[in-house]
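User: I am new to this structure and would like to understand why its parts are described the way they are. Could you take me through the reasoning?

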Amino acid sequence: MFAAKAIDTSDKAAFYRDLATQLKALLDGERDSIANAANTAALIFQMVPDLNWAGFYFLQSDEEMVLGPFQGKPACVRIAVGKGVCGTAVELGTSMLIKDVHDFPGHIACDADSRSELVVLLEDDDGVFGVLDLDSPLPGRFDKADQAGIETLAAIYAAASSLED
């Protein structure tokens, strides 16, 4: 049985290395993409400080993503590609690190308490298939170290999961 272990957060690089090790152990041997997304969101929400939302959006077509497993308040169900931070990340093909969502034109306010957001792409051999989205009630909560760490976790999720099963 998997049990998350507390990790010192004073060194972000070390924190994300330890969190990656825990995520690999949590997903080991499981290929179901929904189960893995649920456990990935839960682990991130439990372990990463100062979050109010952590979860997935999966591409359903070239124009739209739909909500996947998450932790936090109820969320927007559908996001158009090119809209909001998540849709813009997919349209531009890059992670998005937003210090203050109030300064982002077209931000979709699923939770009025969110102030900063980090969105990283989910990719496999066929390209982008969704995003991993983190929100915080603190402005400026995320930095490049968080982005690199969450990109690693997204890659672990993608590698562990078979979306065709």
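Analyst: What follows is a set of questions about the terms used for this predicted model, each answered by setting a value against its cut-off.

User: Let us start with the whole chain: what makes it as compact as a globular protein of its length?

Analyst: The protein chain has 4 helices and 6 strands, and from the N terminus on these elements run in the order α-α-β-β-β-α-β-β-β-α. The radius of gyration of the protein chain is 15 Å, close to the 15 Å that the globule rule gives for 165 residues, so the chain is as compact as a globular protein of that length. The C-alpha atoms fill a box of roughly 40 × 40 × 25 Å along the principal axes, and buried residues make up 46% of the 165 residues. Among contacts between residues at least 6 apart in sequence, 51% join residues at least 24 apart.

User: How do you know what span to expect of helix α4?

Analyst: The expected span is 1.5 Å times one less than the number of residues. Helix α4 covers residues 144-160, which is 17 residues, and reaches 24 Å from its first C-alpha to its last, close to the 24 Å expected. At the N-terminal end of α4, Asp143 acts as a cap, with a side-chain oxygen 3.0 Å from the backbone nitrogen of Ala145.

User: Which residues of α4 are buried, and what covers them?

Analyst: The buried residues of α4 include Gln147, Ile150, Leu153, Ala154 and Tyr157. Their cover includes the helices α1 (12-27) and α2 (33-47), together with the strands β1 (53-59), β4 (96-98), β5 (116-124) and β6 (127-136). As background, an α-helix has 3.6 residues a turn, so residues three or four places apart point the same way.

User: Why does Ile150 count as buried?

Analyst: A residue is buried when its relative accessible area is under 20%, and Ile150, at 0% relative accessibility, therefore counts as buried. This residue lies in helix α4, and, leaving aside neighbours within four places in sequence, Ile150 is in contact with Tyr16, Leu118, Val120, Leu132 and Leu134. Ile150 and Ala20 are 130 residues apart in sequence and 8.9 Å apart in space, C-alpha to C-alpha.

User: What makes β5 largely enclosed by the rest of the structure?

Analyst: The reason lies in a count of its residues: 7 of the 9 residues of β5 are buried, so this strand is largely enclosed by the rest of the structure.

User: How do you know which strands pair with β5?

Analyst: Two strands pair if there are at least two bridges between them. For β4 and β5 there are 3 bridges, and these strands run antiparallel, with Met96 standing opposite Val119 in β5. For β5 and β6 there are 9 bridges, again with an antiparallel course, and Leu118 stands opposite Leu134 in β6. The strands β5 and β6 form a hairpin with 2 residues between them.

User: Why is Ser95 called buried, and what does its side chain contact?

Analyst: Ser95 has a relative accessibility of 15%, which is under the 20% cut-off, so Ser95 counts as buried. Its place is in the loop between α3 (84-92) and β4. The side chain of Ser95 lies 2.5 Å from the side chain of Glu151, and since a polar contact requires a suitable pair of N or O atoms within 3.5 Å, this pair qualifies as a polar contact. Not counting residues up to four places away in sequence, Ser95 touches Val119, Val120, Leu121, Gln147 and Glu151.

User: Two residues in the loop between α2 and β1 interest me, Asp50 and Asn52; why is Asp50 called partly exposed and Asn52 buried?

Analyst: Partly exposed covers the range between under 20% and over 50%, and Asp50, at 43% relative accessibility, therefore counts as partly exposed. Phi of Asp50 is near 65°, a positive value in a residue other than glycine. Asn52 has a relative accessible area of 13%, and because this is under 20%, Asn52 is buried. A polar atom of the Asn52 side chain lies 3.2 Å from the backbone nitrogen of Ser136. Leaving aside neighbours within four places in sequence, the contacts of Asn52 include Phe45, Gln71, Asp111, Ser114 and Pro137.

Key
Residues numbered from 1 in each chain as written. Predicted model: local features only at pLDDT ≥ 70, side-chain atom pairs only at ≥ 80, totals over all residues. Heavy atoms only, no water. Buried < 20%, exposed > 50% of the residue type's maximum accessible area, 1.4 Å probe, protein only. Contact = heavy atoms within 4.5 Å. Polar contact = N/O pair within 3.5 Å; in protein donor to acceptor, adjacent residues only side chain to side chain. Rg over C-alpha atoms; globule rule 2.2 N^0.38 Å.
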